[in-house]
Each structure stands twice: as structure tokens, then as C-alpha cells.
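Dear colleague,

I am passing on the structure we spoke about, and below it I have set out what was found in it. Please have the sequence and the model open side by side as you read.

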Amino acid sequence: MIIIGELINTSRDGVEPAVKERDKEFIQNLAKKQEEAGADFIDVNCGTLIQEEPEALEWLVETVQEVVGVPLCIDSPNPEALKQGLEAYHHDTPAIINSITAESERYEEVLPLLQEYDTSVVALAMDDSGMPKTAEDRINVATRLIEDLMSDGIAEENIYVDPLVQPIGTDVKMGVEILDAIDVITDKYEEIHITCGLSNISHGLPMRKLLNQTYLVLAMSRGMDSAILDPLDEKIMSLATTGHTLLGNDKYCANYIKAAKSNKLTT
Amino acid sequence: MSKNLVELLADLNEDEALNLIESKIEDGTNPRDILEDTKEAMQIIGSRFEEGEYFLPELILSGEMINDIMEIIKPHLVDDGEEDEKLGTIVLGTVKGDIHDIGKDIVAFMLDINGFEVHDIGVDAPIQKFIDKIEEVDPDIVALSGFLTTVFDTMKDTIEAIKDAGLRDDVKIMIGGGPIDEQITEYTGADDFGDDAMEAVALAKKWMGE
């Protein structure tokens, strides 16, 4: 599983003031903790800062890569902010840009950045007609987006399709629509990655963590191989490790045994 | 003893409640009394939601119950000239560029059951749609919703346009939906913001002098 650590986001408690005050220690600590917990990428997002976003994103990229060995996921809908973040990025492994969509304006603005900086990208399954509802909507939009990206020179293995998780609290079939979409997309494109922000599935319901955890495992069984989540949540990280092994991706269960022996798993 | 209508509705016993309503209608109960009971039940449901006893799907179910009830009693409602006193009129919508509806719908629901007349213009609402609606219904309050951080500028533009149309002094404007704080409120030119539906209701009531 490719875990994208989501904690450095100014819409989360305490992060916005830290970014505004350029509190290096706070941010670096949050980055290191996520890396230690097993995050493969560290997401950086300061979308709440509006006009100051480009400078703040640049600062975040510089600040985080000073202390972690893992690559970053540079997260903004604003192409100008993405560009400034990418300029500051020096890791050997290309960053993931989070995100592009099939909306024509967004696609046109973000694509040149992927090409220029040779990055991977999170591709949200939405277009100018809005958020997808059914599995079919997701499959159609994702297919078009993947085909467009590939014909514009982005390699299949550098695309992380996000099927856009929406709450089952308002539509009880939503969970299964997304799973069906993951199935079809991963069958059609073997090298493609599937990622998502899981926690939206449980919006408006009690004991949300339980729904998030269960949905992680369900989605993994249908071909999701990445997730944007809180890597400090030991339970969900344990499920990701275990699911990976149970789905036959862990030779001699080596990764699972290693994780168990180093006390990284919790039941 | 069987439960009364308010209890049945508040406990979300949909089938029993609808049966009871049907038999009340047959017995010649004034449909307005049924509406009153429904309103009372919805207020109980709203406060149970606020207190964390009820959750989003239950709120949605209660919304569907209202529709079903209206369907049953509408043919029996005679226009007796009696109008419900409204606390105030509100135009509400998710601004252009954002299609999130859940939060906005909860706010609309909570305002409605708390006695406001709510005109919901939907999601991804162009600026002109707000202006047109404001001119049409002359609201006391305009509520702009948006979940994406990208729509702060759209909120600002929308409020600017309301000002340019000469309507700004007639309305109070609240924003909400995403990670919004005082600074963003000031940036957009709104009067205030709310973190959730309960705050929106409290704010609206405050503005109406309640």
C-alpha cells in the first residue's frame, strides 16, 4: 500500500497558525512522525491561506523535505501554488501533484506542470458536469482522464485515480458504487494506481473510524493500492499492512512478520 | 396506550406515523393540526441531531417523511387564509464552482424547522442566480455555502455583485461550509460565518432580533 500522510493540511487543527507563523519545528515534527509511522508520501496542503498560498506552499515543501527521506504530495487546486511548490522540490523521487481533474480549465492549467516537472498525479474522477454519482460516471470520467493524460505523455504508473469517495450517510449505495468503479478501472489499466481520501465515506455517522477502517479493507480487495490517511492511526495502518499480506502481495508474509516483530501492528 | 403523532414522528416510526395521519384525516382532523404536530416533531428531531443522538441518515429520513406527509394532507388542505408567521426570509445556495450539497441541505433543513422561510437555489449557483432570487423574494438574510477552499474568491465576488446591485444594505450575509474563520469572512465581505447548521440558526435568529 502506498500511504499518503494527510496531516499537514491547514484545514486541520493547529496547522494553519503553524504555517502562518512559519513554525518550522511544528511542521517538521508532524512530517517526521508520519514518515516514522510508515507514510510513503507526505501531503502538504495550505489551501485555506488563499492569497498567501503559493509562498506558504513553497515554504512547506522546503521545510518538510529538509527532515524527511520520503517524497511529497503537493496538494492544491491552484496551479500557481503548485508551480511554486514544485520549484522548491528537490527529492529524487518525483512528487505527486494532488490533483488534476477532467474539468477542462483545471486540466489545461495543471497538465503543463506534470510535463515540465515530470511528476505523478492524483486524477480526480470529476469533470465539468460535477461530482460523479454512479460507478458508471466514475468509470467514464476516469477512463477519459487516463486516456487524455497518457496521450499527453503521462505514464500509466504515474497516475493515481481518485474515484471520489462520498458519504454513505446520504446515499447508502455510494460505497458499493465506488468499489465497482475501482474494479473496472483496475481491470482495464493494470499499471494504474487507485487512491482516495477514505474518511468522507463516514461523514455524518457515529464511530466514523470503524467505517473508514472497514472501507479501506473493502477497497483494497477491489484493487485500491494507495490511500490518503492519517498514518499515526495505528489501527488503520495495521489494517493496510495486513490487507496487503492477505491479498497475496507479501512473499512469505515477510512484511507482515517484520511489522509484527517490530511492534508496528495493533489488533 | 399508543404513542401520539409527535412521538411517532420524532422517533422516526414512519409507517406507523403515516398510518395514524391517514386515519386522522378520515376522522376529520384538521390538516393544520397535523402540520403543527409535524413541525413540533421536526424540532425534536433537529435538537436530537444537534445533541448527537441522531445522525445524518436519520435527518434525511425525516426530510422524506415530511414529503410523504405533505403528499397525504395536501389534497385536504383548504386555503383558509391562515399563514404561518415566519421569523425571516433566507436565500441560500452553494456558490459557483462548488457542488457540495450536504452541509447546505442540513442548514436549509434546520433553518426551515426553526421557522425561517428558506429559498434554496441549489449548488454551483451563478452570481446572477443569487441576485435574481434576492430581487424576487426580498430576503432578510443571504447565506453562501462552499466547502472548497477555492471558492472564497467566488464568495467575495458574489457579495461584491450584491453590493453593486444595490442590495447589500437590505440583507445580512452569512457564509459557511468549509474551513472558514474571521479572516476569511472579512476577506469575502460577509457579515459573519457559522461552523455548522446550529450556528447558522443561532446567527439568523440573532439577526432577526430573536
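**What was found**

In this predicted model, E191(A) has a relative accessible area of 46%, and because a residue must be over 50% to count as exposed and under 20% to count as buried, E191(A) is classed as partly exposed. This glutamate sits in the loop that runs between helix 7 (174-188) and strand 7 of chain A. Its C-alpha atom is separated by 9.9 Å from that of Y160(A), and the two residues are 31 residues apart along the chain.

Before going further, a word on confidence: the model scores an ipTM of 0.76 and a pTM of 0.81. For chain B the mean pLDDT is 89, with 96% of the residues of that chain reaching 70 or more.

Some of the backbone geometry in chain A deserves a careful look, since most residues other than glycine have a negative phi, and most peptide bonds are trans. With that in mind, which residues are joined by a cis peptide bond? The bond in question links N98(A) to S99(A), with an omega of about 25°, and S99(A) belongs to strand 4 of chain A, which covers residues 96-101.

Positive phi values also occur in chain A, and D118(A), which is not a glycine, has a phi near 55°. The loop that holds D118(A) lies between helix 5 (104-117) and strand 5 (120-124) of chain A, and D118(A) counts as exposed because its relative accessibility is 53%, where the cut-off is over 50%.

M207(A) likewise has a positive phi, of about 50°, although it is not a glycine. You will find M207(A) in the loop between strand 7 (193-194) and helix 8 (208-221) of chain A, and with a relative accessibility of 67% M207(A) counts as exposed.

Turning to chain B, which residues form the negative surface patch? The patch is made up of E50(B), E51(B), E53(B), D195(B), D196(B) and E199(B). One of these residues, E53(B), is placed in the loop between helix 3 (31-50) and helix 4 (56-73) of chain B. Is E53(B) exposed or partly exposed? At 47% relative accessibility, E53(B) counts as partly exposed, because exposed residues are those over 50%.

With best wishes

Technical notes:
Residues numbered from 1 in each chain as written. Chains lettered and ligands numbered in written order. Predicted model: local features only at pLDDT ≥ 70, side-chain atom pairs only at ≥ 80, totals over all residues. Heavy atoms only, no water. Patch = residues over 30% accessible without salt bridge, like charges linked within 9 Å, V, L, I, M, F, W, Y side chains within 5 Å. Areas by Shrake-Rupley, 256 points an atom, 1.4 Å probe, with all protein chains shown as cover. Salt bridge = Lys/Arg side-chain N within 4 Å of Asp/Glu carboxyl O. Lys, Arg positive; Asp, Glu negative; His and termini not counted. Charge placed at Lys NZ, Arg CZ, Asp CG, Glu CD. Helix = DSSP H or I, 4+ residues; strand = E, 2+ residues; numbered from the N terminus. Buried < 20%, exposed > 50% of the residue type's maximum accessible area, 1.4 Å probe, protein only. pLDDT = per-residue confidence, 0-100.
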